[in-house]
Amino acid sequence: MHTIDRDPLLLTPGPLTTTLRTKQAMLHDWGSWDSAFNRITGDVCGQLVDIVHGTETHVCVPLQGSGTFSVEAALGTLVPRGGKVLVPNNGAYCARIVRILKILGRDVVELPAAEDCPIDPVAVEAALITDPRIGHVALVHCETGTGVLNPLAEIAAAVERQQRSLIIDAMSSFGAIEIDARTMPFEALIAASGKCLEGVPGMGFVIAERAKLEASAGNCHSLAMDLHDQWVYMQRTTQWRFTPPTHVVVALHEALAQYQEEGGVVARGARYQANCDALTTGMARLGLRPYVPAQAQAPIIVTFHAPEHAAYEFQAFYQGVRERGFILYPGKLTQIETFRVGCVGALKPQDMLHVVEAIASTLTAMGVLAAS
Ligand SMILES: Cc1ncc(COP(=O)(O)O)c(C=O)c1O
């Protein structure tokens with residue numbers, strides 16, 4: 001039995017490990033009507049739009065709930081009833097968008113792709129040329145189900161050439177991988193508090209083109225998910241429409257301060273890349289191979305093939321690594337046995353080396369790796 005004198009580190013794509021400063025920001029209570037709290041919300045929204053250089057064109061609408069709530073709200077608010085959406089599909093979060101659109105009663109065309117390959121921008125453009133009824137493309141930037149990074153800049157250019165609109169699920173890339181509204185045109189981008197910004201979970205947000213949001217009144221099937229209504233109310237009152245996740249908002253504010261101190265998207269992305277490199281190099285020494293080819297791998301989360309050994313079993317492996325102080329993530333592939341290790345959160349390359357040691361020690365104890 002191992003005794004660890006700290007919380008386990010989360011090697012997951014969110015919730016993820018946060019700093020003490022971020023946790024301490026949650027030690028106060030805030031009133032939802034209070035102007036001090038509402039100034040924080042306004043400041044958070046302003047910073048989020050700045051991260052994608054969208055101040056001239058875009059606005060930020062925050063929404064209570066996990067990331068999926070904001071994905072559903074963005075699709076339900078911005079895709080008109082009777083609208084048709086192309087969904088390039090190379091993984092679980094793309095499939096979730098398809099499912100949401102079907103439930104919302106919007107027409108969907110899927111563009112299927114292999115799960116270990118990035119979406120092909122040429123295929124996206126061809127699909128748009130073939131079907132003039134498609135008004136929107138809904139793209140997952142980093143497909144967290146596998147760790148594949150999709151080529152956002154090229155797809156945004158193709159969508160613009162064909163004069164359609166792009167909705168980006170940037171849940172696991174926002175803040176760590178550069179997205180620039182000036183050069184990668186998008187109608188809306190969705191992300192959340194508890195991902196690469198290293199806040200805690202509980203709030204999503206949609207950065208939407210102001211003109212498109214203004215034109216979306218009456219599209220949404222739902223009151224709680226209506227981003228137009230949320231935005232209009234916030235503009236008028238500075239308050240959230242319904243009970244805000246106050247502690248989440250102040251934690252995100254504190255996390256954003258640390259994000260800026262670290263050096264913004266460039267520094268955050270570089271740290272995650274260093275984490276990813278330390279992880280994959282260490283795992284290679286144990287004979288554990290990534291599922292995604294290196295050129296398609298986002299520095300966010302890595303899917304590894306499970307060891308092909310009769311003594312390997314995920315639950316026991318997970319438990320062993322947990323006892324050594326780290327929380328891993330199960331794989332999301334149906335055909336191949338895998339597990340995932342996140343590179344994001346308040347972690348450094350040194351932490352990744354310790355994870356690899358914990359994995360090696362667990363697999364040795366399980367009899368999967370030979371004792372050295
Ligand atoms: C790409 C992507 N989209 C959507 C989601 C859904 O977010 P949530 O689980 O917070 O609802 C996630 C979660 O990790 C994600 O990685």
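This passage walks through the surroundings of the ligand and three backbone features of the structure. The structure is a predicted model, in which local features need pLDDT of at least 70 and side-chain atom pairs count only at pLDDT 80 or more, while totals for chains, interfaces and linings use all residues. Residues are numbered from 1 along each chain as its sequence is written.

The ligand is surrounded by 13 residues, and the closest are Ser66, Gly67, Thr68, Thr144 and Met171. A residue belongs to these surroundings if its C-beta atom, placed from the backbone, lies within 6 Å of the ligand. Helix α3, residues 67–78, supplies the largest share of this shell, with three residues. Helices (H or I, at least four residues) and strands (E, at least two) are DSSP runs, numbered from the N terminus. By character, the shell holds six nonpolar residues, six polar ones and one charged. Here Ala, Val, Leu, Ile, Met, Phe, Trp, Tyr, Cys and Pro count as nonpolar, Asp, Glu, Lys and Arg as charged, and the others, Gly among them, as polar.

Turning to the backbone, Gly14 and Pro15 are joined by a cis peptide bond with omega of about 0°. Pro15 sits in the loop between β1 (9–10) and α1 (20–24).

Two residues other than glycine have a positive phi: Glu198, near 65°, and Thr238, about 70°. Glu198 lies in the loop between β9 (188–192) and β10 (203–209), and Thr238 in the loop between α8 (227–237) and α9 (246–262). Glu198 counts as buried because it has 28 C-beta neighbours inside 10 Å. Thr238 has 14 such neighbours inside 10 Å, so Thr238 counts as partly exposed. A residue is buried if 20 or more other C-beta atoms, placed from the backbone, lie within 10 Å of its own, exposed if 12 or fewer, and partly exposed in between.
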